[in-house]
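These are my notebook entries on a single protein chain. I wished to record how its parts meet and which local features deserve a note.

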Amino acid sequence: MIMAPSESDFHVVIVGAGLGGASCAIACARQGLRVTLLDAVPEFFPLGDSVGVGSNTSKLFKRWGVYDDMWAISSRAEESVMRNWDGSIITRDPTLGKAVEMYGHKGLIGHRGHYHKILIDHCVKNGVDVRMGHKIERYNADKPSVFLPSGEELEADAIIAADGVKSTGRTQVLGYEDAPIHSGYAVWRAYSDAAMFKDDPLVGPLLEKDTTQLWIGPDLHGFVTVLRDATEINAVLTHKDVADVSEGWNFPAVREDILSAIRGWDPVFVRVWEKIQNIIDWKLVYRPCLEKWVADSGLVAIMGDAAHPFLPTSTQGASQAVEDGATIALCLAKAGKGNVPLALRAYFEIRYEHVRDAQMVGISQRDKWHNLHDKETGNMEKELDTSKGILDSYHLWVHDAEAAVEEGWDDAVKKVREKFGEDLSVNGVNGHL
């Protein structure tokens with residue numbers, strides 16, 4: 001019988017309450033663990049644009065009782081339309097409408113901020129202690145513990161750093177600072193109430209129903225997503241960028257730069273960017289999938305963007321962070337309170353190769369879309385195979401992170417013991433290598 005989280009003496013602290021951290025908190029609580037979820041911001045706001053997750057993620061949300069709330073605010077689009085930069089249709093991809101038939105579960109597309117609120121609400125419903133406005137000053141990876149700005153030291157059995165690309169927990173795991181690098185690309189991101197386009201002769205026809213539209217051109221690709229019964233419109237445009245990200249990578253966008261980049265493109269796409277509001281210029285930072293996710297003590301681990309930041313073209317960044325959280329929770333539950341080093345190292349063994357391969361899809365997908373055209377004339381010179389849909393990441397939709405733990409646990413434990421020795425309990429000789 002699973003113990004109620006508030007009664008459990010197996011305490012997990014998760015630093016970072018984004019989509020991945022919140023999902024990890026829900027998954028851990030559902031395994032009967034006591035969870036404290038910390039985030040530096042004092043209050044969450046529904047910021048950002050749309051985010052999509054595949055069937056590999058929605059099956060976990062359904063299992064955890066989260067799916068119905070997410071589906072209620074998700075896009076009802078039945079297909080994705082891929083267009084050339086001039087507006088001509090390249091293909092219509094029916095995967096969104098056939099996902100149940102093809103992969104067992106629907107994918108989800110919705111506003112990142114609204115999904116985030118749902119996950120935080122479910123954290124609370126599952127007994128997670130959610131604490132806002134707590135920026136972690138430092139870690140003690142050997143206890144393990146984290147130190148809050150108030151001076152309070154918060155101890156736990158395991159600490160999970162889900163604090164994103166700028167992770168301080170990653171430094172504790174690696175023992176040195178591993179700064180992200182600029183990918184050479186950035187993405188303009190925006191969202192607006194669709195009402196502003198209702199009477200627009202160009203964009204208005206897109207508002208007849210929820211839709212996902214993709215335009216591709218030389219060194220550029222962009223999506224326009226209409227969702228929530230055609231009441232909200234989101235747009236993104238990935239482009240080359242050589243900015244120095246040392247000062248940060250989230251800036252207000254200059255509309256004239258966007259319009260210059262897509263001059264001569266499909267008038268519908270151009271009109272969206274002429275009028276849409278809340279535009280930011282998000283520099284896409286990157287690093288290869290780290291080869292170490294667990295501190296030497298075995299008691300602190302990193303997950304999500306802290307370990308493996310994904311490019312948006314993978315369409316899997318959020319999904320893989322959620323899968324990390326599901327894997328961590330089940331590994332901790334299977335190993336038990338006294339065997340955290342074993343659990344977290346098994347988590348790495350189960351996830352690493354899968355995540356590394358998934359991460360590479362973001363690069364190959366971007367390069368495929370951005371190099372179909374002659375850079376001078378704009379003419380499409382390479383044939384694009386869309387027989388399996390528009391995304392190279394669809395093969396990841398069949399994955400079940402929790403089933404992967406059940407199926408791979410014995411092999412993962414064997415690998416861990418071969419690397420670190422037989423005794424991987426907290427007090428064991430090899431628990432604190």
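The entries below follow the order in which I looked things up.

**Entry 1. Model and domains**

I note at the outset that this is a predicted model. I looked up the domain division and found two domains. Domain 1 is assembled from four segments, 5-76, 103-178, 288-371 and 392-420, whereas domain 2 is the single run 181-286. I then took the C-alpha centres of domain 1 and domain 2, which lie 28 Å apart. The contact draws 26 residues from domain 1 and 27 residues from domain 2.

**Entry 2. The interface between the domains**

I asked how much area is buried between domain 1 and domain 2. The value is about 2300 Å², and carbon and sulfur atoms give 62% of it. I next looked for the three residues that contribute more than any other three on the side of domain 1. They are Asp49, Trp369 and His370, which supply 29% of the area that domain 1 buries against domain 2.

Which kinds of polar interaction cross the interface? I found 0 salt bridges between domain 1 and domain 2. Polar contacts are present, however, and I recorded 5 residue pairs, both residues being at pLDDT 80 or more.

I then sorted the side of domain 1 that touches domain 2 by secondary structure. The elements that each supply at least two residues are β6 (108-111), α5 (112-125) and α10 (340-370). The largest share comes from α10, with 6 residues. By residue class, this side of domain 1 divides into 11 nonpolar, 10 polar and 5 charged residues.

**Entry 3. Serine 55**

I looked up serine 55 and found it in helix α2, residues 55-63. Is serine 55 buried or exposed? Serine 55 has a relative accessible area of 0%, so I entered it as buried. Leaving aside residues up to four places away in sequence, I listed the contacts of serine 55 as Ala99, Tyr103, His105, Lys106, Gly107 and Trp397.

**Entry 4. Backbone exceptions**

I searched the backbone for exceptions to a common pattern: most residues other than glycine have a negative phi, and most peptide bonds are trans.

The peptide bond between lysine 143 and proline 144 is cis, with omega about 0°. Proline 144 is in the loop between β8 (138-140) and β9 (145-147).

Aspartate 229, which is not a glycine, has a positive phi of about 55°. I located aspartate 229 in the loop between β14 (220-227) and β15 (232-240). Its relative accessibility is 65%, and aspartate 229 therefore counts as exposed.

Threonine 315 also has a positive phi, near 50°. I placed threonine 315 in the loop between β18 (300-302) and α9 (317-335). With a relative accessible area of 26%, threonine 315 is partly exposed.

**Entry 5. Salt bridges**

How many salt bridges does the rule give? The count comes to 22. I examined several individually.

Glutamate 79 pairs with arginine 92, and the closest N and O atoms are 2.7 Å apart. This pair links distant parts of the chain, 13 residues apart: glutamate 79 is in the loop between α3 (67-71) and β4 (80-84), and arginine 92 is in strand β5, residues 89-93. Glutamate 79 is partly exposed at 26% relative accessible area, and arginine 92 is partly exposed at 46%.

Arginine 351 and aspartate 324 form a salt bridge through their side chains at 2.8 Å, N to O. Here too the pair links distant parts of the chain, with arginine 351 in helix α10 and aspartate 324 in helix α9, 27 residues apart. I noted that both arginine 351 and aspartate 324 are buried.

For aspartate 367 and arginine 366, the side chains meet in a salt bridge at 3.3 Å, N to O. I entered aspartate 367 as partly exposed, because its relative accessibility is 32%. Arginine 366 is buried, with a relative accessible area of 10%.

Finally, I recorded a network of salt bridges that links Asp200, Arg271, Glu274 and Lys275.

Key. Residues are numbered from 1 along each chain as its sequence is written. This is a predicted model: local features need pLDDT of at least 70, side-chain atom pairs count only at pLDDT 80 or more; totals for chains, interfaces and linings use all residues. Side-chain values use heavy atoms; hydrogens and water are left out. Domain bounds come from an automatic or database domain assignment. Contact means heavy atoms within 4.5 Å. Buried area is the accessible area (1.4 Å probe) that two parts lose on being put together, summed over both. A salt bridge is a side-chain nitrogen of Lys or Arg within 4 Å of a carboxyl oxygen of Asp or Glu. A polar contact is a pair of N or O atoms within 3.5 Å; within protein, one must be able to donate a hydrogen and the other to accept it, and residues adjacent in sequence count only if both atoms are side-chain atoms. Helices (H or I, at least four residues) and strands (E, at least two) are DSSP runs, numbered from the N terminus. Ala, Val, Leu, Ile, Met, Phe, Trp, Tyr, Cys and Pro count as nonpolar, Asp, Glu, Lys and Arg as charged, and the others, Gly among them, as polar. Buried means under 20% relative accessible area, exposed over 50%, partly exposed in between (1.4 Å probe, protein chains only).
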